[in-house]
Amino acid sequence: MGMKVTASAVRGIASAAAGLMLLLGIASSARAADALVAYTANLGDGTVTPIDTRTDRPGQSFYVAPTPAGLGITPDSRTMFVTSFAGGSITPVDLHTRRLGAAIPTGLLPVQVVVTPDGRTAYVGNLLSNTVTPVDVATLRAGTPIPVGSPGAITITPDGRKVYAANFLSATVTPIDTATNLAGRPIPVGTLPGMLNPGFDGRYLYVCNFVDNTVTVIDTLTDLPSAPIYTGRIPNGVAPTHDGRKVYITNFVDNDVVAIDVATRTIGPRIPVGLLPVPIRITQDGTKAYVANLVSNDVTVIDVATDL
């Protein structure tokens with residue numbers, strides 16, 4: 001079982017469906033001393049908690065926005081964007097100073113935000129508006145919303161060419177061409193698709209299907225889906241390892257994590273974590289996986305080399 005980081009700072013998280021997010025970035029602020037830092041959004045009290053990944057200790061939480069859910073960090077680790085359920089917006093946060101910028105309206109119930117690898121555009125999935133909104137990082141202005149389905153989660157490929165939106169209510173995933181901001185043909189997946197992430201090289205996309213207890217693998221070159229892989233009850237977090245060999249999946253009801261072998265598409269032994277695990281992310285150096293546990297109000301740290 002992985003080590004637990006218990007912190008009062010990850011308090012007040014209200015619901016798994018709200019999409020508590022764990023994002024990794026390199027904080028440049030003096031407080032973090034340029035250490036590798038993982039950030040957790042605390043839905044209940046409007047704060048974000050930094051965790052020093054060298055020591056696995058949480059730092060001082062700081063206020064960002066009402067009901068924060070999704071976090072997206074620019075490649076230079078200068079700015080973090082935070083989605084606000086209640087505000088229907090994203091808020092830019094300067095990670096050097098922790099000063100907040102003006103909230104940018106994006107749509108109803110923004111769940112997740114991702115930033116392109118070139119740092120120019122942030123994309124926000126708005127669950128109730130059925131749209132994905134592009135935001136210019138330089139000007140902090142929202143562009144024309146892109147119609148999709150009901151995007152409960154979004155992700156971007158490592159090359160930045162495509163954003164994928166998991167349409168929670170229509171059992172599909174919509175690809176978006178970031179060069180044109182046009183949506184492609186929806187891809188059929190399982191029932192109530194949620195969290196999704198590409199593998200480390202970006203060739204395949206892994207989509208969690210909440211009701212079916214499976215993961216669908218999509219070829220990002222052809223946008224064709226594979227046969228689903230059973231992983232556990234309510235899979236809802238996806239994180240590829242940096243060596244490209246496995247993809248971790250959190251299982252919400254089973255309180256565990258499994259690793260999908262990328263080559264064979266089989267799952268390995270179950271790794272116990274905390275109560276109702278939601279997201280999982282890999283540290284920048286690729287050595288650890290962080291799992292945010294909703295009910296036990298802690299973060300489980302998994303050694304990627306040993307799965308312990």
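Thr133 belongs to strand S13, which covers residues 131–136, in a model that is predicted. With a relative accessibility of 1%, Thr133 is classed as buried, because buried means under 20%. Its side chain is in polar contact with the side chain of Asn126, at 3.0 Å. If residues up to four places away in sequence are left aside, Thr133 touches Thr106, Ala122, Tyr123, Val124, Asn126, Ala142, Gly143 and Pro145. Asn126 therefore appears both as the polar partner of Thr133 and in this list of touching residues.

**Salt bridges**

Side chains of opposite charge can pair when their charged atoms come close. The structure contains 9 salt bridges, including those in the table below.

| Positive residue | Negative residue | N to O distance |
|---|---|---|
| Arg54 | Asp52 | 3.0 Å |
| Lys288 | Asp56 | 3.2 Å |
| Lys162 | Asp223 | 3.1 Å |

The bridge of Lys288 and Asp56 connects distant parts of the chain: Lys288 is in strand S31 (residues 288–293), while Asp56 is in the loop between strand S4 (47–52) and strand S5 (57–58), 232 residues apart. Both of these residues, Lys288 and Asp56, are buried.

Lys162 is located in strand S17, and Asp223 in the loop between S23 and strand S24 (224–225), so this salt bridge ties together parts that are 61 residues apart in sequence. Lys162 is partly exposed at a relative accessible area of 22%, whereas Asp223, at 17%, counts as buried.

In the bridge of Arg54 and Asp52, is each partner buried or exposed? Arg54 is exposed, because its relative accessible area of 57% is over 50%. Asp52 counts as buried, because its value of 17% is under 20%.

**Aromatic rings**

A pair of aromatic rings is described by the distance of the centres and the angle of the planes. The structure holds 1 aromatic pair. Phe168 and Phe210 form this pair, with 5.6 Å from centre to centre and 75° between the planes. The arrangement is edge-to-face, because the angle of 75° is over 60 degrees. Phe168 sits in the loop between strand S17 (162–167) and strand S18 (172–177), and Phe210 in the loop between strand S22 (204–209) and strand S23 (214–219), so the pair links distant parts of the chain, 42 residues apart. Phe168 is partly exposed at 24% relative accessible area, but Phe210 counts as buried at 18%.

A further ring has a charged residue as its neighbour: Arg265 lies over the face of Tyr204, at 4.9 Å from the ring centre.

Conventions:
Residues numbered from 1 in each chain as written. Predicted model: local features only at pLDDT ≥ 70, side-chain atom pairs only at ≥ 80, totals over all residues. Heavy atoms only, no water. Phe/Tyr/Trp six-rings, centres within 6.5 Å; stacked < 30°, edge-to-face > 60°. Helix = DSSP H or I, 4+ residues; strand = E, 2+ residues; numbered from the N terminus. Buried < 20%, exposed > 50% of the residue type's maximum accessible area, 1.4 Å probe, protein only. Lys NZ or Arg CZ within 6 Å of the ring centre and 35° of its normal. Polar contact = N/O pair within 3.5 Å; in protein donor to acceptor, adjacent residues only side chain to side chain. Contact = heavy atoms within 4.5 Å. Salt bridge = Lys/Arg side-chain N within 4 Å of Asp/Glu carboxyl O.
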